[in-house]
Amino acid sequence: VDTLIIDTIDFPENATLSMIDDKVKYQGEVIDDIKSFYVRSVFYSLPPYDLEDVKKIKNVDFNNWYIEYMAERERQSLLTSWLRTAEIMGKFLVNSVKCFDLHYLKPYQLSLLRKNNIPVPKTLVTNDPEELKKFKEALKQVVYKPVAGGASCKLLTEEDLNEEKLMRLKNAPVLFQEYIPGDNIRVYVLADKVISSAIIYTQEV
């Protein structure tokens, strides 16, 4: 069959994408007759905050970055709207945008796991140093990682609990979890069937 590769990195500088009501054009050609999309990856993320409010309360020159941020927000809005509209218009998407959102929304993921009776380590997501101190006192060992993912997991040390570092929580929340010793095993499950599993070997936690 004929296939069309849509590279979202090229958009908008080197590729055009248009939505005319519910009709979609890519590089000037109507692509409504495409019934199935395999989404390998989308260079997109949810805009996490309104920088206009940040500019009001912080004495920081964000002017150039703000323009880039706004342009990126508009880019993401069109890409996401197109892919979500494709689904409601009856297209078949492998790896929908909702799946990509889940990778970014770690606390929401954990809530879904708990709701389905899947054990999850005790978890704290906070920007409050006092809450972190209480959490650490209640547990033997704690690890921390970004709320949205994208960096390695680290053991929380006494040095991390000094006042200077604790004050950094004012800049952004962090996800803290009870440390569970043992092998790091990744398992892919479909309904009740294990599709594959593997031990992840790493020098990190």
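A cavity here is a set of points on a 1 Å grid, over the protein atoms alone, where a 1.4 Å probe fits but cannot get out, and lining residues have an atom within 4 Å of a point. Grid points are joined across faces, edges and corners, and a volume is the space filled by probe spheres set on the points. The model is predicted: local features need pLDDT of at least 70, side-chain atom pairs count only at pLDDT 80 or more, and totals for chains, interfaces and linings use all residues. Residues are numbered from 1 along each chain as its sequence is written, and side-chain values use heavy atoms, with hydrogens and water left out.

I will start with the enclosed space. There is one cavity of 30 Å³ or more, and the largest cavity holds about 30 Å³. Its lining consists of Ile6, Phe11, Leu17, Tyr26, Leu79 and Trp82. Sorted by class, that is six nonpolar residues, no polar and no charged. The classes are as follows: Ala, Val, Leu, Ile, Met, Phe, Trp, Tyr, Cys and Pro are nonpolar, Asp, Glu, Lys and Arg are charged, and the others, Gly among them, are polar.

One of these lining residues, Phe11, also starts a cis peptide bond, to Pro12, with omega near 10°. Pro12 sits in the segment before β1 (17–20); helices (H or I, at least four residues) and strands (E, at least two) are DSSP runs, numbered from the N terminus. Ile5 belongs to the segment before β1 as well. Its relative accessible area is 73%, so Ile5 is exposed, where exposed means over 50%, buried under 20%, and partly exposed in between, with a 1.4 Å probe and protein chains only. From Ile5 to Tyr38, 33 residues along the chain, the C-alpha separation is 9.7 Å.

Next, the open space. A pocket is an open set of grid points with protein on both sides within 12 Å along at least five of seven lines. The largest one has a volume of about 1,900 Å³. It is lined by 39 residues, and the closest to its centre are Gln109, Lys145, Asn184, Ile185 and Arg186. Elements giving two or more residues to this lining are α3 (97–104), α4 (106–115), β7 (142–145), β9 (174–178) and β10. The lining divides into 23 nonpolar, 10 polar and six charged residues.

Ile185 turns up again on the surface, in a nonpolar patch of about 610 Å² with Val187, Val189, Val194, Ile199 and Tyr201. The elements with two or more residues in the patch are β10 (185–190) and β11 (193–199). β10 gives the largest share, three residues. Patch residues have over 30% relative accessible area and no salt bridge; nonpolar side chains (Val, Leu, Ile, Met, Phe, Trp, Tyr) are joined within 5 Å, like charges within 9 Å. Areas come from the Shrake-Rupley method with a 1.4 Å probe, and for residues only the protein chains shown count as cover. A salt bridge is a side-chain nitrogen of Lys or Arg within 4 Å of a carboxyl oxygen of Asp or Glu. Ile199, in strand β11, is partly exposed because its relative accessibility is 36%.

Last, backbone angles. Most residues other than glycine have a negative phi. Which residue in the loop between β10 and β11 goes the other way? That is Ala191, with phi near 55°, and at 69% relative accessibility Ala191 is exposed. Asn117, in the loop between α4 and β6 (123–126), has phi near 60° and is also exposed, at 69%.
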